[in-house]
Amino acid sequence: MRKYIFSSTVLGSLFGAVGVIQATRRGPRDWRLIAMWVSWALTLAVAIGTVAKNAQTGELED
């Protein structure tokens, strides 16, 4: 679990959520907001997948 929390890719994706949340609060509610949330979710999924793949190949240590 620690490898996911302290991974720079996952942390970067989580910090990217701050901008999406601010845009949700302040911006207009249209298709661009949905696109922002979808792209953030895909970014998070890729980051988690990258950490999992690196852990599987032995590039990360527990």
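Here is a short chat about a predicted model of a single chain.

Student: How many helices and strands are in the chain?
Tutor: Let's walk along from the N terminus: the elements run α-α-α. That fits the count for the chain, which is 3 helices and 0 strands.

Student: What is the radius of gyration of the chain, set against a compact globule?
Tutor: Start with the C-alpha trace, which spans about 45 × 15 × 15 Å along its principal axes. A compact globule of 62 residues would come out near 11 Å. The radius of gyration of this chain is 14 Å.

Student: Where is Ser7 found, and is Ser7 buried or exposed?
Tutor: Ser7 is in the loop between helix 1 (2-5) and helix 2 (8-26). Buried means under 20% relative accessible area. Ser7 has 13% relative accessibility, so Ser7 counts as buried.

Student: Which side chain does the side chain of Ser7 join in a polar contact?
Tutor: Stay with that loop between helix 1 and helix 2, where Ser7 is found. The contact is 3.0 Å, and the partner of Ser7 is Thr9.

Student: What share of the residues of the chain count as buried?
Tutor: Let's look at the surface before the inside: the chain exposes about 4800 Å², with carbon and sulfur atoms supplying 64% of that area. As for buried residues, of the 62 in the chain the share is 18%.

Student: How many Å apart are the mean positions of the positive and negative charges?
Tutor: The chain has 7 positive and 4 negative charges. Take the mean position of each set, and the two points are 14 Å apart.

Definitions and conventions. Residues numbered from 1 in each chain as written. Predicted model: local features only at pLDDT ≥ 70, side-chain atom pairs only at ≥ 80, totals over all residues. Heavy atoms only, no water. Helix = DSSP H or I, 4+ residues; strand = E, 2+ residues; numbered from the N terminus. Buried < 20%, exposed > 50% of the residue type's maximum accessible area, 1.4 Å probe, protein only. Polar contact = N/O pair within 3.5 Å; in protein donor to acceptor, adjacent residues only side chain to side chain. Rg over C-alpha atoms; globule rule 2.2 N^0.38 Å. Areas by Shrake-Rupley, 256 points an atom, 1.4 Å probe, with all protein chains shown as cover. Lys, Arg positive; Asp, Glu negative; His and termini not counted. Charge placed at Lys NZ, Arg CZ, Asp CG, Glu CD.
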